[in-house]
Amino acid sequence: MSTNYPRLSKEQLEKLRKTDFSQIQGLTSAEDELSAKYGTRGTQSREEFDAKAKAWYYGELLRDRRKALGLTQKELADMIGRERSYINRIEKGETDMQLSSFLRIAAALGIMLRLDVTLG
């Protein structure tokens with residue numbers, strides 16, 4: 001994803017890393033905010049939120065890459081043998097795609113993926 005945010009200098013970044021945000025009055029962590037709104041990790045409502053957030057994130061990545069390549073949703077859909085509406089739903093984070101579909105879309109967009117598997 002591309003942003004227009006100014007980059008921090010090395011010194012600014014180091015200062016930010018050393019900041020103890022827990023000491024700033026009124027500032028709460030993202031985890032606290034998410035827990036308050038969607039429940040703690042492991043609850044059904046939180047798991048549903050996390051799944052939707054991931055679907056939205058991956059849809060954004062694919063959309064940004066498609067646009068960077070100058071492709072329309074229809075062109076991408078044709079490349080992978082699906083309907084344009086399917087690409088639209090993925091880019092909006094409205095559908096939970098299978099890994100095989102993600103890999104097929106990523107390959108069509110020239111995205112190289114690496115899968116690390118750890119058995120515990």
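**Exercise 1. Work out which helices the buried residues of H4 pack against in this predicted model.**

*Solution.* Start with the helix itself. H4 covers residues 73–80, and its buried residues are Gln 73, Leu 76, Ala 77 and Ile 80. Now look down the axis of H4: these buried residues fall within an arc of 100°, so they line one face of the helix. That fits a general rule: an α-helix has 3.6 residues a turn, so residues three or four places apart point the same way. Finally, follow that face outwards. The buried residues of H4 pack against H3, H5 (84–91) and H6.

For a close-up, take Leu 76. Skip its neighbours within four places in sequence, and Leu 76 is in contact with Arg 66, Ile 87, Ile 105, Ala 108 and Leu 109.

One last thing to check is what comes after the helix: H4 is followed by Gly 81, which has a positive phi, near 75°.

**Exercise 2. Find how many residues the largest nonpolar core has, and which helices each supply at least two of them.**

*Solution.* Count first: the largest nonpolar core has 12 residues. Among them are Leu 76, Ala 77 and Ile 80, along with Tyr 86, Ile 87, Phe 102 and Ile 105. Then sort by helix: H4, H5 and H6 each supply at least two residues of this core. As a rule of thumb, nonpolar side chains in soluble globular proteins tend to be buried together.

Tyr 86 has a further partner worth a look. Arg 82 lies over the face of Tyr 86, 3.7 Å from the ring centre.

**Exercise 3. Find which residues ring pairs link into a cluster, and say why the pair of Tyr 58 and Phe 102 counts as edge-to-face.**

*Solution.* Begin with the search: the whole structure has 3 aromatic pairs. One of them joins Tyr 57 and Tyr 58, with 5.3 Å centre to centre and 65° between the planes, an edge-to-face pair.

Next, move on from Tyr 58. Its ring centre is 5.6 Å from that of Phe 102 and the planes are at 70°, so this pair is edge-to-face; the cut-off for that label is over 60 degrees. Tyr 58 lies in H3 (residues 44–68) and Phe 102 in H6 (residues 99–108), so the pair ties together parts that are 44 residues apart in sequence.

Now put the links together: Tyr 57, Tyr 58 and Phe 102 form a cluster through ring pairs.

To finish, check exposure. Tyr 57 is partly exposed at 37% relative accessible area, Tyr 58 is partly exposed at 38%, and Phe 102 is buried at 17%.

Methods
Residues numbered from 1 in each chain as written. Predicted model: local features only at pLDDT ≥ 70, side-chain atom pairs only at ≥ 80, totals over all residues. Heavy atoms only, no water. Phe/Tyr/Trp six-rings, centres within 6.5 Å; stacked < 30°, edge-to-face > 60°. Buried < 20%, exposed > 50% of the residue type's maximum accessible area, 1.4 Å probe, protein only. Helix = DSSP H or I, 4+ residues; strand = E, 2+ residues; numbered from the N terminus. Lys NZ or Arg CZ within 6 Å of the ring centre and 35° of its normal. Arc of directions from axis to C-beta. Contact = heavy atoms within 4.5 Å. Core = buried A, V, L, I, M, F, W, Y, C linked by side-chain atoms within 4.5 Å.
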